[in-house]
Amino acid sequence: MSTATPSADNGNGVMTLENLAKFPEGQKVYSCMQCGTCAATCPYGDDLAFPPRAIITMLEAGLIEEVFNNPGLLNCVTCYACMAKCPRGIKLTEVLLPLVKEQVFTHLKEVPAELQKALENTMRYGNPMGESPRKRALWAKSSPVPVPVIAEIKRAVDVLWFVECYPAYHPRGHDGNRATAKLFKALGIDFAILGNEEKCAGECVRMAGETGLFEMLTDANIKLMRKYKFNRIVTGGAHAYDALKHKYPAAGGDFEVHHTTPFFAQHLAQLKPKLKKKLDYTVTYHDACALGRHNGFYEEPRALLQAIPGVKLVEMNHSGVNSICCGGGGGMWLDTYYAEKGCERLSERRVKEALDTGANVLAVSCPYEISRFEDALKVAGGEKRMVVRDVVELLAEALED
Ligand code: SF4
Ligand code: SF4
């Protein structure tokens, strides 16, 4: 499992591009041997203008301003592939790229419209969709099991469920929420949500380079969570998990955090006897970058899927550490920008591989992937051959009623 690299003050100040060498992980950047693996691994390698190895060259040559003034790094979708493959073990996606992206973002002459709107919405409403914060917990009324709001029940709970924006507002996210609630109940877990008080975890904002807004969201959520008593946080958001696990501790939010997929895998012995309904599905699993390459959760989703009676699991050509990014994460809200540049949508590249397996279900563990892949399936003409389901949806379907 990867650990977050501290970028906060460790006695040498806050890590910046100027003082990289004062930090062990920063020093490593200068060990680059220019092998080119990072550029070759990158799904948008041809569109970056400055792939990681070129950024390092420019940094060493004192020409980094040139990188800041080129919007090419908007094509970095923060997929962690370069970092996973770098033979020098340089924390490219954790250390170097965020520092450069922050500067690229501030130097942009024009922020792509879709991204600009999402950032404005997040600043104003606490979610990128621009939905009313007062409707954030409305979905819970459609849940088959009661979903308590922690401020209303006024007591400590075992699990604080961090729902995150897309699952709170999007109808397909609601499907995953209802499934998660059913699974908590089946396992006898005492849980509650933050309700309308919750704000976007901010990870996609951070990955876009808007660190100031990310810090605002982090502070607001930490202050909120500190008001309540709970043992651990569980979230279905892959990027929310990444932020809560790796970034919130440096801002004072040091909570025990789990993602739903590994969380339910931890409870598999208790859950398996309850999975009685046979599902005759051939399933292929897409490893989300944040959960797989960044956190090492490769076995857990597969163990859950294989525990469902009737499910046959097949693998895509690229799976595990070699999985292809869906294009979300750092590329959220940039689909129009990429299309204008003539770049292939990564979600379409991915569903073509999924369809090639002959599976009729594409299973995911990141709520953003559901609509991205459903849309890509339509474009690829595969929507009649394959459906996209969150792992929690499949588990809940297999539960005895
Ligand atoms: S993969 Fe690592 S060592 Fe190789 S060029 Fe890229 S940053 Fe340098
Ligand atoms: S994180 Fe992914 S998209 Fe970004 S530079 Fe590395 S390989 Fe390319």
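**Close-up views of a predicted model**

**View 1. Here are the domains of the protein.** The domain assignment splits this predicted model into domain 1 (20-107), domain 2 (113-266) and domain 3 (272-398). Measuring from C-alpha atoms, you'd find 30 Å between the centres of domain 1 and domain 2.

**View 2. Here is where domain 1 touches domain 2.** Five residues from domain 1 make contact with five from domain 2. If you sort the domain 1 side of this meeting place by class, you get two nonpolar residues, one polar residue and two charged ones.

**View 3. Here is the shell around ligand 2.** Ligand 2 sits among 14 surrounding residues, and the closest are Cys42, Cys76, Cys79, Ala81 and Cys82. Two helices chip in: helix H5 (81-85) and helix H6 (92-107) each give the shell at least two residues. As for the kinds of residue around ligand 2, 11 are nonpolar and three are polar, while charged residues are absent.

**View 4. Here is an open sheet of four strands.** Read across the sheet and the strands come in the order E2-E1-E3-E4, with parallel pairing. Strand E2 (191-193) and strand E4 (257-259) are the edge strands, so to speak the two that pair on one side only. From one strand to the next, the twist averages 30 degrees.

**View 5. Here is a closer look at strands E1 and E2.** Strand E1 (residues 157-162) runs parallel to E2, and three bridges join the two. Look for tryptophan 161: standing opposite this residue is isoleucine 193, which belongs to E2.

Terms used:
Residues numbered from 1 in each chain as written. Chains lettered and ligands numbered in written order. Predicted model: local features only at pLDDT ≥ 70, side-chain atom pairs only at ≥ 80, totals over all residues. Near = placed C-beta within 6 Å. Nonpolar A, V, L, I, M, F, W, Y, C, P; charged D, E, K, R; others polar. Pairing = 2+ DSSP bridges. Axes fitted to C-alpha atoms, helices over the stretch in contact; angles between N-to-C directions. Domains from an automatic or database assignment. Contact = placed C-beta atoms within 7 Å.
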